[in-house]
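Here is a friendly walk through one structure. Have the sequence and the coordinates open, and follow along residue by residue.

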Amino acid sequence: MVKVIIILFLIGVLSYFLYINGYMVVTSKRAFMFLGSKRGKKAMFSSCTGYIKRVVKFKESKIYHVDFNVELEKGEVTLELLDAKKQLILSLNNSEISQIKVENGQRYYMVLRFKAATGSYEVSWE
């Protein structure tokens, strides 16, 4: 019994470490079909409702141009970017472009929210 508790604790610590470094995703969604890329920057989906949350770290401190390209047949998709304190600093809907100033080494949270959406999205920043 003690071994099981230790193993579960170690799995939890490893999962948290992977999440805060951007290698693991927290997701709560229901979809008929969802095909996403490895880093969550693009996906195709059908009848998707819910959210995807991941940690993002930028390589350098500067102003990035964020391009959120969405092609929807129905529904709604929103991209949110939160700072380390989980305060909303950017929100984009249906194919928008914006700018954001970020700091190197800081942790940011990218949240994609789906409401009965069918289509695809792609996120890029430069």
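## A buried glycine and its surroundings

Gly119 lies in strand 7; strands here are DSSP runs of E with at least two residues, helices are runs of H or I with at least four, and both are numbered from the N terminus. This is a predicted model, in which local features need pLDDT of at least 70 and side-chain atom pairs count only at pLDDT 80 or more, while totals for chains, interfaces and linings use all residues. Residues are numbered from 1 along each chain as its sequence is written, and side-chain values use heavy atoms, with hydrogens and water left out.

At 15% relative accessibility, Gly119 counts as buried. Buried means under 20% relative accessible area, exposed means over 50%, and partly exposed covers what is in between, with a 1.4 Å probe and protein chains only. Not counting residues up to four places away in sequence, Gly119 touches Ala43, Met44, Phe45, Glu71 and Leu72; contact means heavy atoms within 4.5 Å. The C-alpha atoms of Gly119 and Lys3 are separated by 45 Å, and the two residues are 116 residues apart along the chain.

Thr118 is also found in strand 7, and Thr118 is buried, at a relative accessible area of 9%. With neighbours within four places in sequence left aside, the contacts of Thr118 are Phe45, Ser46, Ser47, Glu71, Leu72, Glu73 and Lys74.

## The whole chain

How many helices and strands does the chain have? The chain has one helix and seven strands, and reading along the sequence gives the pattern α-β-β-β-β-β-β-β. The C-alpha trace spans about 50 × 40 × 25 Å along its principal axes. Of the 126 residues, 32% count as buried. Among contacts with a separation of 6 or more, 70% come from residues 24 or more positions apart. The accessible surface of the chain is about 8200 Å², and 56% of it belongs to carbon and sulfur atoms; such areas come from the Shrake-Rupley method with a 1.4 Å probe, and for residues only the protein chains shown count as cover.

## Nonpolar cores

The largest nonpolar core has 25 residues, and Phe68, Phe114 and Tyr121 have the most contacts inside it. A nonpolar core is a set of buried Ala, Val, Leu, Ile, Met, Phe, Trp, Tyr and Cys residues joined through side-chain atoms within 4.5 Å. Two or more residues of this core come from each of strand 3 (42-56), strand 4 (62-82), strand 5 (88-93), strand 6 (96-102) and strand 7 (108-125). Strand 7 gives the largest share, eight residues. A second, separate core has six residues, including Tyr19, Ile20, Leu82 and Tyr109.

Beyond its neighbours within four places in sequence, Phe68 has contacts that include Val77, Leu79, Leu92, Leu112 and Tyr121. Val66 has its place in strand 4 and is buried, with a relative accessible area of 3%. The C-alpha atoms of Val66 and Trp125 are separated by 4.5 Å, although these residues are 59 residues apart along the chain.

## The helix and its surface

Leu10 lies in helix 1 (residues 2-20). At 1.5 Å a residue, the 19 residues of this helix should span 27 Å, and the end C-alpha atoms are 27 Å apart, which agrees; the expected span is 1.5 Å times one less than the number of residues. Val2, Ile6, Phe9, Leu10 and Val13 form a nonpolar patch on the surface, with about 510 Å² of accessible area together. Patches take residues with over 30% relative accessible area and no salt bridge, joining like charges within 9 Å and nonpolar side chains (Val, Leu, Ile, Met, Phe, Trp, Tyr) within 5 Å.

## One salt bridge

A search of the whole structure finds one salt bridge, defined as a side-chain nitrogen of Lys or Arg within 4 Å of a carboxyl oxygen of Asp or Glu. The partners are Arg113 and Glu80, with their closest N and O atoms 3.1 Å apart. Arg113 lies in strand 7 and Glu80 in strand 4, so the pair ties together parts that are 33 residues apart in sequence. Arg113 is partly exposed, at 36% relative accessible area, whereas Glu80 counts as buried at 15%.

## Positive phi angles

Most residues other than glycine have a negative phi. The table gathers residues with a positive value.

| Residue | Phi | Place |
|---|---|---|
| Gly22 | about 85 degrees | just after helix 1 |
| Ser47 | near 50 degrees | strand 3 |
| Lys86 | about 65 degrees | loop between strand 4 and strand 5 |

Ser47 is partly exposed, with a relative accessible area of 35%, and Lys86 counts as partly exposed at 46%.
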